[in-house]
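Reader: Please take a close look at the side-chain pairings in this model. I want to know which side chains meet, and how buried or exposed the partners are.

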Amino acid sequence: MIGISVIQRVEFGTIIRFFLVLSIIPLFAIIRIEDFKNEYRIFILLAVAKSILLLYFAIILIRTGSYIELRNWAEVNHYGDIYINPYTHLPKVQVHGNGILPMVLILSISYGKRGVINTIINLVLALGTFSAGNSAYLLGIAVFCIYRLYINVTKRGKSNWIKMLSVIILIVGGVAFMAYAIYILSLKSGYSDAIRLEQAKALMDNYIVVGNGLGHKIFYVGEMRSYSGDTYFELQTLYIFNQIGLVGLFMFYWLTIKPIKKIGRYEMMLFLIYLLYTFWNPYCFDSTEMIVVSLLTNYSIYTRQHDNTYKESGD
């Protein structure tokens, strides 16, 4: 891929950038830290602090009903976007770093010990995730809840009443989730989805097997937007596919998922959930994915070694 990029005269810095990203993420899947407790606690503390900040901004938007000043402040400082959804009238505090929050909530629910403190932490993380106002985050959390219910239904040792209740909740939750998904799709049927469809068309125009080379820039003129050498997209996964093709993408995911799967099916499913909700947003193939892989591999191993009560991996 580097050779193809050099022939196409792609800037060397851009080639190295994507080479490092695609090389380092799989390495995070094999890095092992024996005592990961302190790193995990610090990360949870920072995630809770960020969630409180998002919730604070969301409350300001709800209380004042205005977002012009905050939106201008965020745009001027390149923090992201802060506004009120004109359809749902709910706050959307879409600033940098939000993409990690759904996964932090999922990990906290999965590995956190039961108790008042952890319940408060999960509640704050949930409110922060909701304040971010991204429907893809809710998609990831919903799929996680369905998967947990599936584990309860199929797990040995559970009473028939618990299994029956889990099945009922699973069915009701599935219907509610489908209704919500249809509602969200109807809201997004305008400009936002049109942009993504146009991006998909531009990014799928490549050599499917081997790709167009690392750092390949997109030049495309569409009805909604023009791309003149862009390297950053909402559908970032498709942009990586544009660069390295099916062969490269398969190798990347194989190198990343295989070490995670060795730890447990549960961890592999959590990573697949992360890939699902980040496909629609540019929160993958960056440092966020490195952090997620590190948390999935190291803290799950630490938990299993030091907590004999952890029995929810499904293995």
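Author: What follows goes through the charged pairs, then the aromatic pairs, and then the surroundings.

The model is predicted. Keep that in mind throughout.

Start with charge. How many salt bridges does a search of the whole structure find? The count is 3. Two of them share Arg 71, which sits in a network of salt bridges with Glu 75 and Asp 81.

Take the bridge inside the helix. The side chains of Glu 75 and Arg 71 meet at 3.9 Å, N to O. The cut-off for a salt bridge is 4 Å, so this pair counts as one. Both residues belong to helix α4, which spans residues 68-76. They are 4 residues apart, so about one helical turn separates them. Glu 75 has a relative accessible area of 42%, which makes it partly exposed. Arg 71 is partly exposed too, at 24%.

Now the other bridge of the network. Here Arg 71 meets Asp 81, with 2.8 Å from N to O. This pair links distant parts of the chain: Arg 71 is in helix α4, while Asp 81 is in strand β1 (residues 80-84). The two are 10 residues apart. Is Asp 81 buried or exposed? Its relative accessibility is 18%, so Asp 81 counts as buried. The limit for buried is under 20%, and therefore 18% falls on the buried side.

The remaining salt bridge lies elsewhere in the chain. Lys 217 and Glu 11 meet through their side chains, 3.0 Å from N to O. Lys 217 is in the loop between α9 (191-203) and β3 (218-221), and Glu 11 is in the loop between α1 (2-7) and α2 (12-28). The pair links distant parts of the chain, 206 residues apart. Lys 217 has a relative accessible area of 26%, so it is partly exposed. Glu 11 is partly exposed as well, at 42% relative accessibility.

The strand β3 deserves a brief stop. It runs antiparallel to β4 (residues 226-230), and 4 bridges join the two. They form a hairpin, with 4 residues between the strands. Within this pairing, Val 221 has Ser 226 in β4 as its bridge partner.

Turn to the rings. The structure holds 12 aromatic pairs. One of them joins Phe 57 and Trp 73. Their centres are 5.6 Å apart, with 40° between the planes, and the pair is tilted. Phe 57 lies in helix α3 (residues 37-64) and Trp 73 in helix α4, so the pair ties together parts that are 16 residues apart in sequence. The two rings differ in burial: Phe 57 is buried at 12% relative accessibility, whereas Trp 73 is partly exposed, with a relative accessible area of 37%.

Another pair joins Tyr 137 and Tyr 277. It is edge-to-face, with 5.9 Å between centres and 80° between planes. Tyr 137 is in helix α7 (residues 135-154), and Tyr 277 is in helix α11 (residues 265-278). This pair links distant parts of the chain, 140 residues apart. Tyr 137 counts as buried, at 1% relative accessibility. Tyr 277 counts as buried at 0%.

Phe 57 and Trp 73 also have company. Together with Tyr 56 and Tyr 79, they form one aromatic cluster. Helix α4 thus appears twice: it holds Trp 73 of the ring pair with Phe 57, and it holds Glu 75 and Arg 71 of the salt bridge.

Next, the core. The largest nonpolar core has 75 residues. Those with the most contacts inside it are Val 93, Met 103, Leu 270, Phe 271, Tyr 274, Phe 285 and Leu 296. Which residues does Tyr 274 contact, leaving aside its neighbours within four places in sequence? They are Met 103, Tyr 283, Cys 284, Thr 288, Glu 289 and Val 292. Met 103 is thus both a contact of Tyr 274 and on the list of residues with the most contacts in the core.

Last, the cysteines. Cys 284, a contact of Tyr 274, is buried at 2% relative accessibility. Cys 145 is partly exposed, at 40%. How many disulfides does the structure hold? The number is 0.

Methods. Residues numbered from 1 in each chain as written. Predicted model: local features only at pLDDT ≥ 70, side-chain atom pairs only at ≥ 80, totals over all residues. Heavy atoms only, no water. Core = buried A, V, L, I, M, F, W, Y, C linked by side-chain atoms within 4.5 Å. Buried < 20%, exposed > 50% of the residue type's maximum accessible area, 1.4 Å probe, protein only. Contact = heavy atoms within 4.5 Å. Disulfide = S-S within 2.5 Å. Pairing = 2+ DSSP bridges. Phe/Tyr/Trp six-rings, centres within 6.5 Å; stacked < 30°, edge-to-face > 60°.
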